[in-house]
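This report walks through one protein model and the ligand that accompanies it. Please keep the sequence and the coordinates at hand while reading.

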Amino acid sequence: MQKLNAVITGVGVYVPEYILTNEELSRMVDTTDEWIMTRIGIKERHILREPGKGSSDLGVNAVNELLQKTKTKPEEIELLICATVTPDMQFPATANIICDKVGIKNAFSFDVNAGCSGFLYALSAGAKFIESGKYKKVIVVGTEKMSSIVDYTDRAVCPIFGDGAGAVLLEPTTENFGLIDEILLSDGFGRVHLHQKAGGSLKPASFETVATKEHFIYQEGQPVFKWAVVKMADVSLEIMERNNIKPEDLAWLVPHQANLRIIDATASRMKLNKDQVMINIQKYGNTTSATLPLCLYEWESRLKKGDNIILSAFGAGFTWGAIYIKWGYNTN
Ligand code: UT7
């Protein structure tokens, strides 16, 4: 049998309407637009405020747009993988809920929890199903209602995160497009620095865990920053070198949008120019599993068939990695 590659054939996204600006944040906690812009690079983020809506609802909108754009019927989808750290519920999987709400009936579906590297891990997993030859249409969706686990009295965390979702369709090709190479890594030691203390089996929810705010993101910013800056650049450089991609051969770096300083450090280690790097952190903040598809969507019309693209991320776990893809279509 001919070797099959998994290629992205469409992107759909959704961000909720409400925009939380730095000005509004600076009325909520002791911070300033200047501090947030210089230390993180975020101007505003979208927040899902509608009661009774969760990450699945953001994901549903992204998947519906994707199906429309790619002229795919829900019943054609055979597998949906959802990357999220903010599932609707502890169980069942948010992927199952998205399928139900979209009308995807002939598929199996599951969640991937890999922090901010979730989209990379899910993309890799989805690609393996396509490459096996058994599956023809797989959706990978990253969706997050980060505002559900952010403490809006914690100034070190609340400026960083935003809500949003992005989905891609993976299909097989025998041509040299799609996912070409990947480096995916994790080190569970990193949980010390970035986690949610309560609500899991280790520390189930109680009146006390609510009172002590243990259902929010716990982050030690500096160690996370130090690891992210080194590891995201390491893997991005390594995947470039082992595929013989020179800086001028790379059309785009699609970096996880956690902190502009981390993105700049990664791009500079890869010797890239600013116009080779997708950056939209100023508009959306860190939407965890959704940052990468939100970038792909925004730049989609400028992407050309055959473009060399590296996606890279670092996040809770710790998890990190890079995926090298050859873009598979022109939009016009
Ligand atoms: O995607 C998941 C992975 N997460 C990340 O990649 C996050 C990585 N970490 C970071 O991006 C940065 O560490 C932060 C943005 C979280 C913090 O920036 P920093 O430059 O590391 O600041 P810091 O924690 O060292 O704090 C410096 C000062 C402190 O004041 P003192 O102790 O020097 O008086 C903080 O209290 O800045 C203060 N500070 C703030 N000041 C104004 C912390 N947050 C704020 C704020 N506004 N929002």
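## The four-stranded sheet

In this predicted model, four strands come together as an open sheet with mixed pairing, and their order across the sheet is β8-β13-β12-β11. Its edges are formed by β8, which spans 178–186, and by β11, which spans 252–255, each of them pairing on one side only. From one strand to the next, the twist averages 15 degrees.

The pairing of β8 can be followed in more detail, since β8 and β13 (residues 319–326) run antiparallel and are joined by eight bridges. Within this pair, the residue of β13 that stands opposite D181 is Y324.

## The five-stranded sheet

A second region to examine is an open sheet of five strands, again with mixed pairing, in which the order reads β1-β7-β6-β4-β5. Here β1 (5–14) and β5 (108–112) are the edge strands, and each has a pairing partner on one side only. Neighbouring strands of this sheet are turned against each other by 20 degrees on average, when direction is ignored.

The edge strand β1 runs antiparallel to β7, which covers residues 164–173, and nine bridges join the two. One position that helps to fix the register is N5, which stands opposite T173 in β7.

## The ligand and its surroundings

Which residues come nearest to the ligand? There are 22 residues around the ligand, and those that come nearest are T31, R39, Q222, N259 and N286. For T31, an N or O atom of the side chain is 2.6 Å from a nitrogen atom of the ligand, while a polar side-chain atom of W35 lies 3.4 Å from a ligand nitrogen atom. In the case of H256, the polar side-chain atom lies 3.1 Å from an oxygen atom of the ligand. Of the 950 Å² of accessible area that the ligand has on its own, the protein covers 73%.

Two or more residues of the shell around the ligand are given by each of the elements α2 (33–39), α7 (221–242) and α8 (260–269), and α7 gives the most, with four residues. By residue class, the shell holds eleven nonpolar, seven polar and four charged residues. Both domain 1 (5–176) and domain 2 (180–326) take part in the shell around the ligand, with at least three residues drawn from each.

## Backbone features to check

Most peptide bonds are trans, and most residues other than glycine have a negative phi. Against that background, the peptide bond from F91 to P92 is cis, with omega near 0 degrees, and P92 is placed in the loop between β4 (79–83) and α4 (94–102). The peptide bond from G317 to F318 is likewise cis, its omega being near 0 degrees, and F318 lies in the loop that runs between β12 (308–315) and β13.

Where is K213 placed? K213 is found in the loop between α6 (207–211) and β10 (217–219), and its phi is near 60 degrees, which is a positive value in a residue other than glycine.

Note on methods
Residues numbered from 1 in each chain as written. Predicted model: local features only at pLDDT ≥ 70, side-chain atom pairs only at ≥ 80, totals over all residues. Heavy atoms only, no water. Near = heavy atom within 4 Å. Polar contact = N/O pair within 3.5 Å; in protein donor to acceptor, adjacent residues only side chain to side chain. Areas by Shrake-Rupley, 256 points an atom, 1.4 Å probe, with all protein chains shown as cover. Nonpolar A, V, L, I, M, F, W, Y, C, P; charged D, E, K, R; others polar. Domains from an automatic or database assignment. Pairing = 2+ DSSP bridges. Axes fitted to C-alpha atoms, helices over the stretch in contact; angles between N-to-C directions.
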